[in-house]
Amino acid sequence: MSLKSDEVFAKIAKRLESIDPANRQVEHVYKFRITQGGKVVKNWVMDLKNVKLVESDDAAEATLTMEDDIMFAIGTGALPAKEAMAQDKMEVDGQVELIFLLEPFIASLK
């Protein structure tokens, strides 16, 4: 299934290729649960410890659940992640504070 947010995850994968594993600022594991109509349609795990992105439902330190168009908006800079949380457009399970470490990385995708 092709989603709008697939474009964002392709940019994330490309950005990860440029990260030196020996010199990175964030070393956490994030899961993105992408939904359509409230139903999870795709899961991505971004492992910044091992510098990789995989389509998976593996465990993570922080899990972010949002609609496909919200992930697209965050990934393209149209909607800040903090604003998405404040508007209840994104749920975070696990270590909520970790998403604030992730925000500069996502913002760098533009």
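The following exchange between a student and a tutor works through a predicted model, asking what each structural term rests on.

Student: What makes the chain as compact as a globular protein of its length?

Tutor: The radius of gyration of the chain is 13 Å, and the globule rule gives 13 Å for 110 residues, so the chain is as compact as a globular protein of that length. Along its principal axes the C-alpha trace spans about 40 × 30 × 30 Å, and buried residues make up 45% of the 110 residues.

Student: Which elements make up the chain, and in what order do they run?

Tutor: There are four helices and five strands, and from the N terminus on they run α-β-β-β-β-α-α-β-α. As for annotation, the unreviewed UniProt entry places the feature "domain: SCP2" at residues 13–99; in the model that span is 24% helix and 37% strand, with its end C-alpha atoms 18 Å apart.

Student: Why are β3 and β5 called edge strands?

Tutor: The five strands form an open sheet in the order β3-β2-β1-β4-β5, with mixed pairing. Two strands count as paired if at least two bridges are found between them, and β3 (52–55) and β5 (90–94) each pair on one side only, which is what the name edge strand expresses here. Neighbouring strands of this sheet are turned by 20° against each other on average, direction ignored.

Student: How do you know that β2 and β3 are paired?

Tutor: The pairing criterion asks for at least two bridges, and four bridges join β2 (residues 39–47) to β3, the two strands running antiparallel. Among the partners, V45 is matched with V54 in β3, and W44 with E55 in β3. The hairpin of β2 and β3 has four residues between the strands, and in this hairpin V51 takes a positive phi near 55°.

Student: Which strands does helix α2 touch where it packs on the sheet?

Tutor: Helix α2 (residues 68–75) touches β1 (29–36), β4 (62–67) and β5, where touching rests on heavy atoms within 4.5 Å. The direction of helix α2 makes about 110° with that of β4.

Student: Why is the pair of F9 and F32 called edge-to-face?

Tutor: Rings pair if their centres lie within 6.5 Å, and planes over 60 degrees apart count as edge-to-face. For F9 and F32 the centres are 5.4 Å apart and the planes make 75°, so by these cut-offs the rings form an edge-to-face pair. F9 is in helix α1 (residues 6–17) and F32 in strand β1, 23 residues apart, and the pair thus links distant parts of the chain.

Student: What makes the pair of F9 and W44 stacked?

Tutor: Here the cut-off is planes under 30 degrees apart, and the planes of F9 and W44 make 15°, with 4.8 Å centre to centre, so the pair is stacked. F9 lies in helix α1 and W44 in strand β2, so this pair ties together parts that are 35 residues apart in sequence. The structure holds two aromatic pairs, and F9, F32 and W44 form one aromatic cluster.

Student: Are the residues of this cluster buried or exposed?

Tutor: Buried means under 20% relative accessible area; F9 and F32 are both in that class, and W44 is buried as well.

Student: What share of the contacts in the chain comes from residues 24 or more positions apart?

Tutor: Among contacts with a separation of 6 or more, residues 24 or more positions apart account for 63%.

Notes: Residues are numbered from 1 along each chain as its sequence is written. This is a predicted model: local features need pLDDT of at least 70, side-chain atom pairs count only at pLDDT 80 or more; totals for chains, interfaces and linings use all residues. Side-chain values use heavy atoms; hydrogens and water are left out. UniProt positions are given in the numbering used here, feature names are shortened, and annotations may be inferred rather than shown by experiment. Axes are lines fitted to C-alpha atoms, for helices over the stretch in contact, and angles run from 0 to 180 degrees between N-to-C directions. Rings of Phe, Tyr and Trp (its six-membered ring) pair if their centres lie within 6.5 Å; planes under 30 degrees apart count as stacked, over 60 as edge-to-face and the rest as tilted. Buried means under 20% relative accessible area, exposed over 50%, partly exposed in between (1.4 Å probe, protein chains only). The radius of gyration is taken over C-alpha atoms; the globule rule is 2.2 Å times the number of residues to the power 0.38.
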